Amino acid sequence: MTEVERAAYVYLEVDPAVVAQAPRVSHLLRHIPGGKPAMWEMLMGSDSPDARKLVEMSQRLTLQQREDVPFEAIAIAAGMTTKHAFGVVSEAVV
């Protein structure tokens, strides 16, 4: 784990071991047109309280940390399961 990732986990107040055990959804985000930057933009424009939670957690991080830390860590920091967080992203994208 890099220093950037370590710092991100500290800012998010999430245990990397918990993230490692969570179901993976990051690979599904690669299919979003425009990638992660577009995903965050769509979440920012969403009315969903859960989308706002994800955005709030992501904004604790620097751009580099947001790129390096898995989406699953942000989802867990926002108090969601990774599958639910992916559903929130899917709703925002559609």
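**Exercise 1.** V4 has its place in helix α1; work out which residues far along the chain V4 touches, and whether V4 is buried, partly exposed or exposed.

*Solution.* A quick word on the ground rules. This is a predicted model, so local features need pLDDT of at least 70 and side-chain atom pairs count only at pLDDT 80 or more, while totals for chains, interfaces and linings use all residues. Residues are numbered from 1 along each chain as its sequence is written, and side-chain values use heavy atoms, with hydrogens and water left out.

Step 1: pin down the helix. Helices here are DSSP runs (H or I, at least four residues; strands are E, at least two), numbered from the N terminus.

Step 2: look for contacts, meaning heavy atoms within 4.5 Å. Not counting residues up to four places away in sequence, V4 touches Q64, Q65 and D68.

Step 3: check the distance for one of them. V4 and Q64 are 60 residues apart along the chain, yet their C-alpha atoms are separated by 7.4 Å.

Step 4: check the cover. Buried means under 20% relative accessible area, exposed over 50%, and partly exposed in between (1.4 Å probe, protein chains only). V4 comes out at 29% relative accessibility, so it counts as partly exposed.

**Exercise 2.** Now look from the other side: where does Q65 sit, and what does its side chain reach?

*Solution.* Step 1: Q65 belongs to helix α6, residues 63–68. With 5% relative accessibility, Q65 counts as buried.

Step 2: list the partners. Skipping neighbours within four places in sequence, Q65 is in contact with V4, A7, A8, Y11 and R60. The C-alpha atoms of Q65 and R6, which are 59 residues apart along the chain, are separated by 9.1 Å.

Step 3: follow the side chain. It reaches the backbone nitrogen of T62 at 2.8 Å. For reference, a polar contact is a pair of N or O atoms within 3.5 Å; within protein, one must be able to donate a hydrogen and the other to accept it, and residues adjacent in sequence count only if both atoms are side-chain atoms.

**Exercise 3.** Is E72 buried or exposed, and which backbone nitrogen lies 2.7 Å from a polar atom of its side chain?

*Solution.* Step 1: find E72 in helix α7, residues 71–77.

Step 2: read off the cover. E72 has a relative accessible area of 0%, so it is buried.

Step 3: look for the polar partner. It's the backbone nitrogen of V25 that lies 2.7 Å from a polar atom of the E72 side chain.

Step 4: add the surroundings. Beyond four places in sequence, E72 is in contact with V19, P23, R24, V25, S26 and T82.

Step 5: hop over to V19, which is in helix α2. V19 is buried because its relative accessible area is 1%. Leaving aside neighbours within four places in sequence, its contacts are Y9, V14, R24, P70, E72, A73 and I76.

**Exercise 4.** Which residues does L29 contact beyond its neighbours within four places in sequence?

*Solution.* Step 1: L29 lies in helix α3, residues 26–29, and is buried with a relative accessible area of 3%.

Step 2: its contacts, with those neighbours set aside, are M39, F71, F86 and V89.

Step 3: take V89. L29 and V89 are 60 residues apart along the chain, and 8.6 Å separates their C-alpha atoms.

**Exercise 5.** Find what's odd about the backbone of E13, and say where E13 lies.

*Solution.* Step 1: E13 has a positive phi of about 60 degrees, though it is not a glycine.

Step 2: E13 lies in the loop between α1 (3–12) and α2 (16–21).

Step 3: E13 counts as exposed, because its relative accessibility is 68%.

**Exercise 6.** Zoom out: how many helices and strands does the chain have, and how does its radius of gyration sit against the compact-globule value?

*Solution.* Step 1: count 8 helices and 0 strands.

Step 2: compare sizes. The radius of gyration is taken over C-alpha atoms, and the globule rule is 2.2 Å times the number of residues to the power 0.38. For 94 residues a compact globule would come out near 12 Å; the chain has 12 Å, so the two agree. The C-alpha trace spans about 35 × 25 × 25 Å along its principal axes.

Step 3: see how the chain packs. Of its 94 residues, 41% count as buried. Among contacts between residues at least 6 apart in sequence, 67% join residues at least 24 apart.
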